[in-house]
Amino acid sequence: MKFKQILTSALLVSALAGTSAHADITLRHALLGTELDMSFAKKGGDTPAFKEFMKEGRNPYNTDKAAIEQGESLYMTGCSGCHGHEAEGKLGPGLADDYWTYPSIATDQGFFEVLFGGANGMMGPQYVNFNTDEMLKIMAWIRSIYTGNPKKAKWLKK
Ligand code: HEC
């Protein structure tokens with residue numbers, strides 16, 4: 001290939017990358033490892049915060065007080081019945097400590113994957129009840145009440 005051709009194709013590739021809706025991270029089902037089908041997502045969740053999350057798998061709401069408050073009330077409607085009002089555990093495990101059945105929960109990406117895609121038994125896919133933006137808010141609230149070892153809080157690490 002001539003230099004000019006290489007340059008043209010390189011420009012073309014970067015132009016395509018810039019315009020495509022393709023995300024930088026790939027979300028997978030926590031148990032099956034298969035790629036999550038985001039076409040199941042409820043409308044309204046494709047917010048700037050969710051787009052940001054899809055770049056590196058980090059939840060921008062973790063430091064957002066208003067989002068954390070909204071996450072708390074969403075949690076009370078959709079999760080507290082099984083996980084307890086303080087996420088202390090009930091039918092489902094406690095969520096505020098650093099013991100996780102799925103160790104990937106220590107990262108925001110892993111946490112989101114369990115929420116969107118579900119896990120075993122009664123932990124069904126949460127896309128039925130919440131859009132992706134709401135899931136990030138719920139996650140941020142759960143992070144905010146974390147009682148575990150700070151060293152295990154991988155979502156805080158750069
Ligand atoms: C119908 C009951 C039920 C509801 C509603 C529910 N969960 Fe669960 N959840 C469970 C059960 C049971 C498990 C254990 C499943 C497993 O081990 O695979 C679980 C597992 C989890 C886990 C994995 C915990 C770990 O230790 O790895 C997370 C995180 C979680 N749920 C978060 C949520 C959030 C957030 C919501 C609300 C959006 C929610 N769940 C709604 C029952 C529920």
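Visitor: What pattern does the protein follow when read along the sequence?

Guide: A good habit is to walk through the elements in order. In this predicted model, the walk reads α-α-α-α-α-α. That makes 6 helices and 0 strands.

Visitor: How many of the residues count as buried?

Guide: Here we look at how much of each residue is covered. Of the 158 residues, 39% count as buried. Looking from the outside, the protein exposes about 9700 Å², and carbon and sulfur atoms supply 59% of that area.

Visitor: Where does Ala87 lie, and is it buried or exposed?

Guide: Find its place in the chain, then check its accessibility. Ala87 belongs to the loop between α4 (80–83) and α5 (108–117). Because its relative accessibility is 2%, under the 20% cut-off, Ala87 counts as buried. Its backbone is worth a look too: phi is near 60°, a positive value in a residue other than glycine.

Visitor: Now the ligand. Where does it sit, and which residues are closest?

Guide: Start with the site, then list the neighbours. The ligand sits in the largest pocket. Helices α4, α5 and α6 (132–144) each give two or more residues to the shell around it, and α5 gives the most, with 3 residues. In total 24 residues surround the ligand, the closest being Cys79, Cys82, His83, Tyr102 and Met123.

Visitor: Which polar side-chain atom lies 2.4 Å from an oxygen atom of the ligand?

Guide: Look for pairs of polar atoms. That side-chain atom belongs to Tyr102. The backbone takes part as well: a polar backbone atom of Thr101 is 2.7 Å from a ligand oxygen, and a backbone N or O atom of Asn120 lies 2.8 Å from a ligand oxygen.

Terms used: Residues are numbered from 1 along each chain as its sequence is written. This is a predicted model: local features need pLDDT of at least 70, side-chain atom pairs count only at pLDDT 80 or more; totals for chains, interfaces and linings use all residues. Side-chain values use heavy atoms; hydrogens and water are left out. Helices (H or I, at least four residues) and strands (E, at least two) are DSSP runs, numbered from the N terminus. Buried means under 20% relative accessible area, exposed over 50%, partly exposed in between (1.4 Å probe, protein chains only). Accessible areas come from the Shrake-Rupley method with a 1.4 Å probe; for residues, only the protein chains shown count as cover. A residue is near a molecule or strand if one of its heavy atoms lies within 4 Å of it. A polar contact is a pair of N or O atoms within 3.5 Å; within protein, one must be able to donate a hydrogen and the other to accept it, and residues adjacent in sequence count only if both atoms are side-chain atoms. On a 1 Å grid over the protein atoms alone, a cavity is a set of points where a 1.4 Å probe fits but cannot get out, and a pocket is an open set with protein on both sides within 12 Å along at least five of seven lines; lining residues have an atom within 4 Å of a point. A molecule sits in a cavity or pocket if more than half of its atoms lie within 2 Å of its grid points.
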